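Biologist: I have a structure open and do not know how to read it. Could you walk me through some features, one at a time?

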Amino acid sequence: MARTDRIAQPWGARTPYGPGEPWPVRVDTRLADGVTPDQVERWAQSAATLHSNGDGLDIAVKDGRIVGVRGRAQDRVNHGRLDPKDLFGWQANGSPDRLTRPLVREGGRLVESDWDTAMDRVVRRTKELLDEQGPSAVGFYTSGQLFLEEYYTLTLIARGGIGTNHLDGNTRLCTSTAAEALKESFGSDGQPGSYTDIDHADTIALFGHNMAETQTVLWARVLDRLAGPNPPSVVCVDPRPTPVARAATVHLAPKPGTNVALMNGLLREIVENGWTDQGYLDRNVVGFDELRKRLDAYTPERVADVCGVPAERIREAARLLGTAERLLSTVLQGFYQSHQATAASVQVNNLHLVRGMLGKPGCGILQMNGQPTAQNTRECGANGDMPGFRNWENDAHMAELTRLWNLDPLRVPHYGPPTHAMQMFRYVEEGSIRMLWVSGTNPAVSLPELRRIRSVLAQERLFLVVQDAFLTETAQLADVVLPAAVWGEKTGTFTNADRTVHLSEKAVEPPGQARPDLDIFCDFARRLGLRDKDGGPLVPWSDPEAAFEGWKKCSRGRPCDYTGITYAKLRGGSGIQWPCDERRPYGTERLYADGAFWSDPDYCESYGRDLVTGAPLEETEYRAMNPSAKAVIKAAEYLPPHEPPGEEYPFSLITGRTLYHFHTRTRTARAPQLQAAAPEVWVEVSAGDAASYGIEEGDRVEVATPRGSVRAAARVSGIRDGVLFLPFHYGYWDTDGGFEPKGDGRAGNELTPTEWDPVSKQPLFKTAAARLRRLGPTGSPAPAPTTTASAPVPGAAVPATTGGGAGGADEESHAYREEIR
């Protein structure tokens, strides 16, 4: 039987099932060419790290190297299925340009060194800055791809040891709105729903969530429901004709930046038609009366005018949402990275609160994550929050945390909100942060307004430490580069978007002198001499399992309680959903089933913010509003975007992801099948706009905003007129052409503005005003999003690149840094 081409058919074969039935098992496997299952020496348990779904998988090992993967049939998340990035991305571990030794900057160039020299430089500069300026001179910017144990250790070092308020992660770019929306409605982070709600729902609504490309296994679950008996209705909100939109019962394609107006219009129809659960509202919710008043002005006709969506289609979508007996809603970047991000996402929560659709099978909300361990950064306090979902404004919470860490209460800064990433880079730009430690991420490609970010990172006065597996665009600018082990080369746990905790076992040794991130952080703490108030080591552990046990103590009694989870419990079976404790030893599938929310003023993670200004509520205000620990409905007025299209820039530009790449392609571009499927950046333009500009499929075009320009092939699609789409993954290195400091202008974030949501502080990547011009024809069309021609065979050699290790690092980093300056 022929094997399914998982590049051309990314969701695999259908296994239909009906409502209430278990999702059938389908085990996906991919081994390197020439390796058969009986030649695999052992399988190491793990889960996927190239998306946020958390697919359980096993890693195949032969002769001390990774040779493939297979899905875990018993895992609750994927029932054996794997994403194309899971099936092929493991090849990046064996890439010849892995960093294998520390690099230090000498005479403007990066040269190979040893761990003692590299760490001594880092520790010496840290001590100098602590003596000269104090803790606020040091900042840490981390990832959404490390393990829980590593985030918690970093948080302990940064907040408890050094005492800096400057710790955040690139999860600020993708998941901070999810956290804030949940806090605003329920008092705390934590996804109310479960992936299993797909098995029961009669209506599934996806708000700005292209599940088909960002979480392909979860979309396969939806496709299997659609192929089975009594399929659910699907409502899709997205300006693009994504695979989700093509499968939808109703597709709403609003103008970018108008999500709040659309949500208010949908809510108005639901309230006006009496599709609400008044008993649920009376028992469990505050704020409904204010919402009802605010919705009066949002008639379908007015919303149609604002959003560019037909009024009848708004009514049709509202009817599906309002009459569903089991409604599941998911939200992602189309809301999170757009204008009024938190306000729009909170309205999705409001939809479920007015309908009483929480805590029952098929009735849930998933404010999704964009990265595999984004949830852990939030739990552990590595992304601008406090560990264990503690409230930095609650003195009792902070006293509890410092007792746990055995520190003086004044040692952990909580004089103001933890610094968010966008503010951190502004502090670097202004010179108050003089040392920045970047771990597992590539801000020189992923942050907005890249020309500015490159100049910030290249400053002479900044001491930049980069901890990564490859010589990324950011590492090229560093003063010290620390080679890190990656997935499959270290042990740890991580938690997906529906609170499922997985264990990832070490399968092989890291290359050369590369070390696990946990080892690097622990070494730094030891060399810096960080101590608790009794003189003992601040970080008392040195291995992952001990770090996990330390985290469990921190989580005890908090919403994200891990105390019932052990490594032994996670081995051999499925992932476990927190909270998991003595009362719930097998985990918790859905939250808020009994109307008991984590919103008590003495327990909640946040007192909330004004959805328009972002101004925080005082504790007294919150207590007066919600003394009885109910869910909170917050209304929001629609405001126009700050950078609307105009005469000079007539288009709205949105950036986003493609199925075959993850973030800045650091790993996926080193898997030949994935790189061949989407080798170059493209611009998606509507058929109407293409005709107006004389553009045909594959023509070379230029997209420009006030901040820069990108040149790429055109892809003509059914995207709404006046909107352009650009994937953000593509930076300035090639698998076949080496590293180019400026390139042809292909990084999407050359064009995006330095602007963020007032509540979540998440950058807005989907509201830039842009212009378009045709440059000329090209020889081949832009690749289709879910097909590719003759992709390389599995197990093919990964193309070599320049830079990394000893090969070319000094020459290219010197040229790059000098070019930026």
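Modeller: Let us start with empty space. A cavity is a set of grid points where a 1.4 Å probe fits but cannot get out. Keep in mind that this is a predicted model.

Biologist: How many cavities of 30 Å³ or more does a search of the whole structure find?

Modeller: The search finds 7. The largest cavity has a volume of about 460 Å³.

Biologist: Which residues lie nearest the centre of the largest cavity?

Modeller: They are Gln333, Gly334, Thr655, Gly656 and Lys766, out of 34 lining residues. Two elements that each supply at least two lining residues are H13 and strand E22 (651-656).

Biologist: Let us follow Gln333. Where is its place?

Modeller: Gln333 sits in helix H13, which covers residues 333-336.

Biologist: Is Gln333 buried or exposed?

Modeller: The cut-off for buried is under 20% relative accessible area. Gln333 has 6%, so Gln333 counts as buried.

Biologist: What does the side chain of Gln333 reach?

Modeller: It reaches the backbone oxygen of Cys174, at 3.3 Å. Cys174 is also among the contacts of Gln333 beyond four places in sequence. The others are Gly208, Ser338, Gly370, Arg657, Gln762 and Lys766.

Biologist: Now pockets. What is the volume of the largest pocket?

Modeller: A pocket is an open set of points, unlike a cavity. The largest pocket here has a volume of about 440 Å³. It is lined by 28 residues, and Gly384, Trp392, Pro417, Pro418 and Arg609 are the closest to its centre. Helix H4 (176-186) and helix H17 (421-430) are the elements giving two or more residues to that lining.

Biologist: Which element gives the most to the lining of the largest pocket?

Modeller: H4 does, with 4 residues.

Biologist: Why is H4 called largely enclosed by the rest of the structure?

Modeller: Count its buried residues. H4 is largely enclosed because 11 of its 11 residues are buried. The buried residues include Glu180, Lys183 and Glu184, as well as Ala178 and Leu182.

Biologist: What covers the buried residues of H4?

Modeller: The cover includes H13, helix H14 (341-355), strand E14 (364-367), helix H15 (374-380) and strand E21 (631-632). Look just after H4 too: Gly187 takes a positive phi of about 85° there.

Biologist: Show me one residue of H14.

Modeller: Take Ser345, which lies in helix H14. Its relative accessible area is 0%, so Ser345 is buried. Beyond four places in sequence, Ser345 is in contact with Thr177, Ala181, Val331, Phe335, Tyr336 and Gln367. Thr177 and Ala181 are both on the list of buried residues of H4.

Biologist: How far apart are Ser345 and Thr330 in space?

Modeller: They are 9.8 Å apart, C-alpha to C-alpha, and 15 residues apart in sequence.

Biologist: Next, strands. Which way do side chains point?

Modeller: In a regular strand, side chains alternate between the two faces of the sheet. Now look at strand E17, residues 480-483. Val480 and Leu482 point one way, while Val481 and Pro483 point the other way. All of these are buried.

Biologist: What pairs with E17?

Modeller: Sheet strands pair through backbone hydrogen bonds, either parallel or antiparallel. E17 shows both senses. Strand E5 (residues 103-106) pairs with E17 in the antiparallel sense, over 2 bridges. Strand E16 (residues 463-468) runs parallel to E17, with 4 bridges. Val481 takes part on each side: it stands opposite Leu103, and it is the bridge partner of Val466.

Biologist: Is there a small sheet to practise on?

Modeller: Try the open sheet of 3 strands, in the order E18-E19-E20, with antiparallel pairing. Its edge strands are E18 (492-495) and E20 (576-577), each pairing on one side only. E18 and strand E19 (residues 500-504) are joined by 4 bridges. In one of the pairs, Phe494 has His502 of E19 as its bridge partner.

Biologist: Last one. Which residues touch the most other members of the largest nonpolar core?

Modeller: Phe207, Leu266, Trp437 and Phe524 do, in a core of 202 residues. Apart from that core lies another, of 28 residues, among them Met424, Val428, Ala444 and Leu471. Back in the largest core, Trp437 has Phe524 among the residues it touches. Leu482, which we met in E17, is also touched by Trp437.

How values were computed
Residues are numbered from 1 along each chain as its sequence is written. This is a predicted model: local features need pLDDT of at least 70, side-chain atom pairs count only at pLDDT 80 or more; totals for chains, interfaces and linings use all residues. Side-chain values use heavy atoms; hydrogens and water are left out. Two strands pair if DSSP finds at least two bridges between them. Buried means under 20% relative accessible area, exposed over 50%, partly exposed in between (1.4 Å probe, protein chains only). A polar contact is a pair of N or O atoms within 3.5 Å; within protein, one must be able to donate a hydrogen and the other to accept it, and residues adjacent in sequence count only if both atoms are side-chain atoms. Contact means heavy atoms within 4.5 Å. A nonpolar core is a set of buried Ala, Val, Leu, Ile, Met, Phe, Trp, Tyr and Cys residues joined through side-chain atoms within 4.5 Å. On a 1 Å grid over the protein atoms alone, a cavity is a set of points where a 1.4 Å probe fits but cannot get out, and a pocket is an open set with protein on both sides within 12 Å along at least five of seven lines; lining residues have an atom within 4 Å of a point. Grid points are joined across faces, edges and corners, and a volume is the space filled by probe spheres set on the points.
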